[in-house]
Amino acid sequence: MTVKLAIIPVTPFQQNCSLLVCEQTRRGAIVDPGGDIERILSAVERIDITLDKILITHGHLDHCGGTASLVQRLELPVEGPHIADQFWIDQLPQAGSRYGFPPLAVFTPDRWLQGGDRVQVGEIELEVRHCPGHTPGHVIFFHQQSRLAWVGDVLFHGSIGRTDFPRGDHDTLIRSITTQLWPLGDDVAFVPGHGPMSTFGEERRTNPYVSDAALAGE
């Protein structure tokens with residue numbers, strides 16, 4: 001099964017919201033709808049797909065702030081993140097006000113995810129991996145056949161996720177990257193929560209925080 005990918009930067013944080021499309025069925029999912037709902041829906045119409053669900057990597061407002069609005073308009077089920085991020089989702093109204101977002105509403109996922117779960121989009125099956133550290137309930141989505149991963153704010157091109165938020169932990173994040181991401185393979189391309197795509201191999205060579213050399217203390 002092949003995946004078509006569209007990346008839509010949303011919110012003042014320029015978060016990478018993704019449209020993930022099963023090309024065989026033309027069914028798709030929205031990954032991390034942080035906001036700018038009209039922009040997302042315009043992309044859905046332009047690509048001409050039928051939406052199956054919303055997938056959430058973690059509970060920060062720039063990744064899930066638009067979820068409640070989309071559910072109200074489209075009645076889509078929500079899958080993810082891990083339940084350990086519920087406290088972040090519960091804070092969405094206050095966080096939105098603090099950062100100048102339009103009013104945000106709390107939502108409850110139809111399915112909380114755990115490592116080892118599988119998510120279906122059309123005929124595509126995504127593997128779920130629990131990758132805490134940036135937030136305690138962060139998950140990532142991996143499509144084996146396309147060698148593609150959606151990693152939220154776990155890893156970026158040339159950087160890693162912040163760990164200074166409540167219940168963040170640097171050592172846990174590094175462990176998530178090295179035990180949950182690297183084993184997927186150096187050839188895997190990934191969509192980060194912000195900025196350009198990269199590959200795990202490129203980050204193992206050059207990332208100043210988690211390259212093989214950096215972790216070896218060289």
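A cavity here is a set of grid points where a 1.4 Å probe fits but cannot get out. Keep that in mind for the first stop. The model on your screen is predicted.

**Stop 1: the enclosed space**

The count gives one cavity of 30 Å³ or more. The largest cavity has a volume of about 40 Å³. To find the largest cavity, select the residues that line it: Q15, N16, S18, V31, D32, T57, W150, V151, G152, V191, P192 and G193. Then colour the strands. Strand 2 (15-22), strand 9 (148-152) and strand 12 (189-192) each contribute at least two residues to this lining. By class, the lining of the largest cavity holds five nonpolar, six polar and one charged residues.

**Stop 2: the largest pocket**

Next, look for open spaces. The largest pocket holds about 380 Å³ of space. Its lining is made of 18 residues, and the ones to select are F13, H60, D62, R162 and F165, the closest to the centre of the pocket. Now show helix 2 (61-64) and helix 5 (92-98), the elements that give two or more residues to the lining of this pocket. Which helix gives the largest share of that lining? Helix 5 does, with three residues. Coloured by class, the lining of the largest pocket shows nine nonpolar, five polar and four charged residues.

**Stop 3: the second largest pocket and a salt bridge**

Select G34, G35, D36, P102 and L104. These lie nearest the centre of the second largest pocket, which is lined by 15 residues. The volume of the second largest pocket is about 210 Å³. Its lining comprises seven nonpolar, seven polar and one charged residues.

Stay on D36 and add R39. The side chains of D36 and R39 form a salt bridge, with 3.7 Å from N to O. Are the two partners buried, exposed or partly exposed? D36 counts as partly exposed because its relative accessibility is 33%. R39 is also partly exposed, with a relative accessible area of 43%.

**Stop 4: further salt bridges**

The model has 12 salt bridges by the rule used here. Select R129 and E127, whose side chains meet in a salt bridge at 2.7 Å, N to O. Both R129 and E127 are buried.

Now select R147 and D187. Their side chains meet in a salt bridge too, at 3.0 Å from N to O. This pair links distant parts of the chain, 40 residues apart: R147 sits in the loop between strand 8 (139-143) and strand 9, and D187 in the loop between helix 6 (170-181) and strand 12. D187 has 47% relative accessibility, so D187 counts as partly exposed. For a larger group, select K53, E79 and R111, which are joined into one network by salt bridges that share partners.

**Stop 5: the loop between strand 5 and helix 4**

Go to D85, in the loop between strand 5 (78-79) and helix 4 (86-90). What is the nearest side chain of opposite charge to D85? It is R167, which is 7.4 Å away. D85 is buried yet has no salt bridge; a salt bridge needs a side-chain nitrogen of Lys or Arg within 4 Å of a carboxyl oxygen of Asp or Glu. To see what does surround D85, show H58, G59, T135, P136, G137 and H138, its contacts once neighbours within four places in sequence are left aside.

In that loop, select I83 as well. I83 is partly exposed, with a relative accessible area of 45%. Add W112, which is 29 residues from I83 along the chain. The C-alpha atoms of I83 and W112 are separated by 5.6 Å.

**Stop 6: a buried cysteine**

Finish at C131, in the loop between strand 7 (124-130) and strand 8. Is C131 buried or exposed? C131 is buried, because its relative accessible area is 0%. Leaving aside neighbours within four places in sequence, C131 is in contact with H138, V139, I140, V154, S176, Q180 and L181. H138 was also on the list of contacts for D85 at the previous stop. As a last selection, take D169: C131 and D169 are 38 residues apart in sequence, and their C-alpha atoms are 11 Å apart in space.

Notes. Residues are numbered from 1 along each chain as its sequence is written. This is a predicted model: local features need pLDDT of at least 70, side-chain atom pairs count only at pLDDT 80 or more; totals for chains, interfaces and linings use all residues. Side-chain values use heavy atoms; hydrogens and water are left out. On a 1 Å grid over the protein atoms alone, a cavity is a set of points where a 1.4 Å probe fits but cannot get out, and a pocket is an open set with protein on both sides within 12 Å along at least five of seven lines; lining residues have an atom within 4 Å of a point. Grid points are joined across faces, edges and corners, and a volume is the space filled by probe spheres set on the points. Helices (H or I, at least four residues) and strands (E, at least two) are DSSP runs, numbered from the N terminus. Ala, Val, Leu, Ile, Met, Phe, Trp, Tyr, Cys and Pro count as nonpolar, Asp, Glu, Lys and Arg as charged, and the others, Gly among them, as polar. Buried means under 20% relative accessible area, exposed over 50%, partly exposed in between (1.4 Å probe, protein chains only). Lys and Arg count as positive and Asp and Glu as negative; His and the chain ends are not counted. Contact means heavy atoms within 4.5 Å.
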